[in-house]
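Here are some short exercises to help you find your way around a new structure. Try each task yourself before you read its solution.

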Amino acid sequence: MQKSSSPVLPGKFFRKYFNSPNVVPFILVLPFLISFVLFFIYPLFSIFQMSFQEIHGFSDVRYIGLANYKNLLNDRFFSAIRVTMTYTFWTIAILVPLPTVLAVFLNSKHVGAAFFKPVLFIPQLTSVIVAGIFYRFAFSDSPDALANTLVGIIGVEPVRWLKEATPTMFALVTLCVWRWLGVNIVYFLSALQTIPREMYEAAAIDGAGPLQRFWHITLPFLKPTIIYVTTISVYGGFAMFSESYALFGTARTPGEIGSTMVGYLYQQAFVEARMGFGAAAGVVLFLMVMIINLLQLKLFGAFRRGDY
Amino acid sequence: MDLVGRNKISQVLMICILSIFAVFALLPFYFLIVSAFKPGVEMIRHGITLNPYFEKFTLNQFKLLFNPKESNYFHWYRNSLLYTGVQTVLGLVLTSMVGYALGVYTRYKYRNIIFIMVLLVMMIPVEIMILPLYKEMVYLKLFDNIWGVVLPFAVFPSAVFFFRQYSLGLPLELMDSGRIDGLTEYGIFVRIMIPLMKPAFGAMAILISMNSWNAVVWPMVVLRNSKKLTIPIGLSTLITPYGNNYDLLMPGAVLAVVPIIILFMLNQKAFIEGLTSGSIKG
């Protein structure tokens, strides 16, 4: 590199100090440490503290022990847990196998992968809100609406999509699949491209059929990607709120059919101004996510395959 | 790899199935654009319909959208651009510093523990933190303020992770030659290493800016004044069950997403790489 003037620092001592091997990395990671304390550790501590409080504004705070947690044992919260779990289940049940198959298709010769890959990816560029605006009106009650026209083709009577539980779940999962299918395809496709061709050729010579090759070669190579995609889908599923908000325009959905755990937290804390109670819901959600994380770590080792 | 065989039939079948999903991916955009030209009352009455009903087309909604007396859309657009710009620049500076330090200074004592802290932040969904963060923002007087939107997620952990992985592959010999040339450690980072990290900066710029442009949950919590909202949040205030602003909804949604799609088409490879860079490599 060409000669250059070093940054001006007052005096030799400072230059030496700030440039020493132990100080440099510390200064460089400082933004993370500050952010970690201010926007992670403190809020985490705070949500536990708030969950034992009744909060009316900033000055009127009272400790009420476990009352918030006792009040969580109610049908609306249980329903939110059920909706969250069902949503998580269906998004994984679709968003792992389907993109795997489509990625295998795209990885074959002469299917127009260069066209299909970006096209399938485009939905990811939308905000949930924009996607929700489309799906809200596509799943309108009206018999002329898109979803009802489509089910009408196979002879189904018009459905009141966003007013009944199962059709609502269908709409939520459809929205999620629409936005994430292309991303997951890219994950699987890049994993597929690491498989050496010779393995397939060797297997073919040994007389392995297409399904056997898929089972014994492709799937083992995809395993880390399957684990990764499942993991992010579990996080996404448990934290789901914006999809439901985008379809209904409120955190509280009619008959709680689309209300998730985060939706419940939001509704309690920000709409009904029961911050302590909302915090208790947040703590429960936090503990559930931590249990999943620990299971994940136990089952699959490291958080990611990345080294450290 | 010819998993499904070499023959034409399977090829045609695969293309057919892929085409069905391509239609599934693209159709919503067609309907959003068509609906943007129809009065909001049509949406309330019929929803989105297969028949476009061209005879009902009007440009009225677009006029409403850009009339500052009728809507705050112009403000939302400007805010989205501003917040996204600030979030991206600040995020790139901070996350590249941290990721670089974690990747390059292999003898730094706290390297692993800090990296585990980064992973920990990645493992907890933001949604759990919104309530205490909201309280903190009110306390710090950052509520309803651009810094309240940007600062809590400025050190975006996925980007730190990515920069760290990228830095692991940097040629460390160049650090020694930089030292011999009299550069400080910061000089080495800025003058030698950042130019080598350009691809990583590109990918992270796309990841951070798209996240920021499309963010919903946090801006919704931390912003209140209608003139300070972002596009998605502004639009979501129009979807209330009692709303009668449906005229603005469709054109507003279209104008939020069309520029992004144009950028995507100009540079799809970089977008796809950036937005999927959270994944494990290889």
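The exercises below look at chain B of this predicted model.

**Exercise 1.** Find out what span helix α1 of chain B has and where α1(B) bends.

*Solution.* Start with the ends: α1(B) runs over residues 8-36, which is 29 residues. From the first C-alpha to the last, the helix reaches 42 Å, close to the 42 Å expected at 1.5 Å a residue. Next, follow the axis: α1(B) bends by about 35° at L26(B). Then look just beyond the bend, where a proline, P28(B), follows within four residues. Finally, check burial: P28(B) is among the buried residues of α1(B), which also include M14(B), L18(B), F21(B) and L32(B).

**Exercise 2.** Work out how α13(B) and α14(B) are arranged against each other.

*Solution.* Two packed helices are described by the angle between their axes and the distance between the axes. Here α13(B) (residues 231-238) and α14(B) (residues 246-266) pack at about 165°, with axes 10 Å apart. Angles over 145 degrees count as roughly antiparallel, so α13(B) is roughly antiparallel to α14(B). Their crossing is left-handed. For the contacts, I231(B), L235(B) and L238(B) of α13(B) meet residues of α14(B) including L248(B), G252(B) and A256(B).

**Exercise 3.** Decide whether K141(B) is buried or exposed.

*Solution.* First locate K141(B): this residue lies in the loop between α6 (126-139) and α7 (146-150) of chain B. Its phi is positive, near 60°, although K141(B) is a residue other than glycine. Now count neighbours: 10 other C-beta atoms lie within 10 Å. With 12 or fewer, a residue counts as exposed, so K141(B) is exposed.

Definitions and conventions
Residues numbered from 1 in each chain as written. Chains lettered and ligands numbered in written order. Predicted model: local features only at pLDDT ≥ 70, side-chain atom pairs only at ≥ 80, totals over all residues. Helix = DSSP H or I, 4+ residues; strand = E, 2+ residues; numbered from the N terminus. Expected span 1.5 Å × (residues − 1). Bend = angle between axes of the 7 residues up to and from the residue. Buried ≥ 20, exposed ≤ 12 C-beta atoms within 10 Å, placed from the backbone. Axes fitted to C-alpha atoms, helices over the stretch in contact; angles between N-to-C directions. Parallel < 35°, antiparallel > 145°, perpendicular 65-115°, else oblique. Left-handed = near helix turned anticlockwise from the far one by under 90°. Contact = placed C-beta atoms within 7 Å.
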